[in-house]
Amino acid sequence: QSNMPLVKLFASPKLGRSIPLSSLQKSMCSIWGTTASTTKLILLPTVDWTSHPYGEDIYVSIRAKSTPTRTSTVVIEGMKKVQEAFKRHGLKANVRLETYGGEEYYHVPPTTMGEDFWRSKGMVAMVE
């Protein structure tokens with residue numbers, strides 16, 4: 001199972017319709033082979049001042065760990081499936097995906113899970 005930690009959805013507050021986040025998160029997990037606990041989906045109301053001719057309803061920005069199995073072909077096919085997932089809900093998506101190397105990723109989550117949780121994961125330094 002691979003991590004796909006962040007999917008940001010940028011949508012105009014003037015879109016005038018709801019965005020089915022639960023359904024879309026399930027689609028993202030299915031497309032990328034992840035779980036809901038590793039697929040962070042964030043909706044950001046946004047005013048877009050650019051004049052791109054795409055006419056999208058949603059700008060989807062995905063940040064994912066680079067892996068040997070995430071070849072450019074796999075990534076592009078996955079991105080097309082993401083567009084299709086939005087299209088099933090009547091939304092036109094402009095999709096971008098950025099990969100990063102695992103050694104270049106840092107994360108300091110809130111400690112609300114408790115020190116025992118982090119110790120069990122071998123991440124004592126995060127809570128001390």
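Start by colouring the chain by confidence. This is a predicted model, with an average pLDDT of 83 over the chain. At least 70 is the score of 80% of the residues.

Select helix H2, residues 72-87. Confidence in the chain peaks here, at a mean of 96. Now jump to helix H3, residues 115-120. Confidence is lowest there, with a mean of 64. Where pLDDT is low, do not read the predicted coordinates in detail.

Next, show the strands. Four of them make an open sheet with mixed pairing. Read across it in the order S2-S1-S3-S4. Which strands stand at the edges? Select 40-45 for S2 and 93-100 for S4. Each has a single partner strand, so one side of each lacks a neighbour in the sheet. Ignoring direction, neighbouring strands are turned by 15° against each other on average.

Zoom in on S1 and S2. They run parallel, joined by six bridges. Pick Phe10, and look opposite to find Leu44 in S2.

Now bring back the helices. Select residues 21-32, helix H1. H1 packs on the sheet and touches S1, S2, S3 and S4. Its direction makes about 135° with that of S2. Return to H2, which lies across S1, S3 and S4. H2 runs at about 145° to S4.

Last stop: the second largest pocket. Its volume is about 410 Å³. How many residues line this pocket? There are 18. Select Val47, Asp48, Thr50, Glu56 and Tyr59, which lie nearest its centre. Then add strand S1 (6-11) and strand S3 (58-65), the elements that each give two or more residues to the lining. Colour the lining by class: seven residues are nonpolar, seven polar and four charged.

Note on methods
Residues numbered from 1 in each chain as written. Predicted model: local features only at pLDDT ≥ 70, side-chain atom pairs only at ≥ 80, totals over all residues. Heavy atoms only, no water. 1 Å grid on protein atoms, 1.4 Å probe; cavity = no way out; pocket = protein on both sides within 12 Å on 5 of 7 lines; lining within 4 Å. Points joined across faces, edges and corners; volume = space filled by probe spheres on them. Helix = DSSP H or I, 4+ residues; strand = E, 2+ residues; numbered from the N terminus. Nonpolar A, V, L, I, M, F, W, Y, C, P; charged D, E, K, R; others polar. Pairing = 2+ DSSP bridges. Axes fitted to C-alpha atoms, helices over the stretch in contact; angles between N-to-C directions. Contact = heavy atoms within 4.5 Å. pLDDT = per-residue confidence, 0-100.
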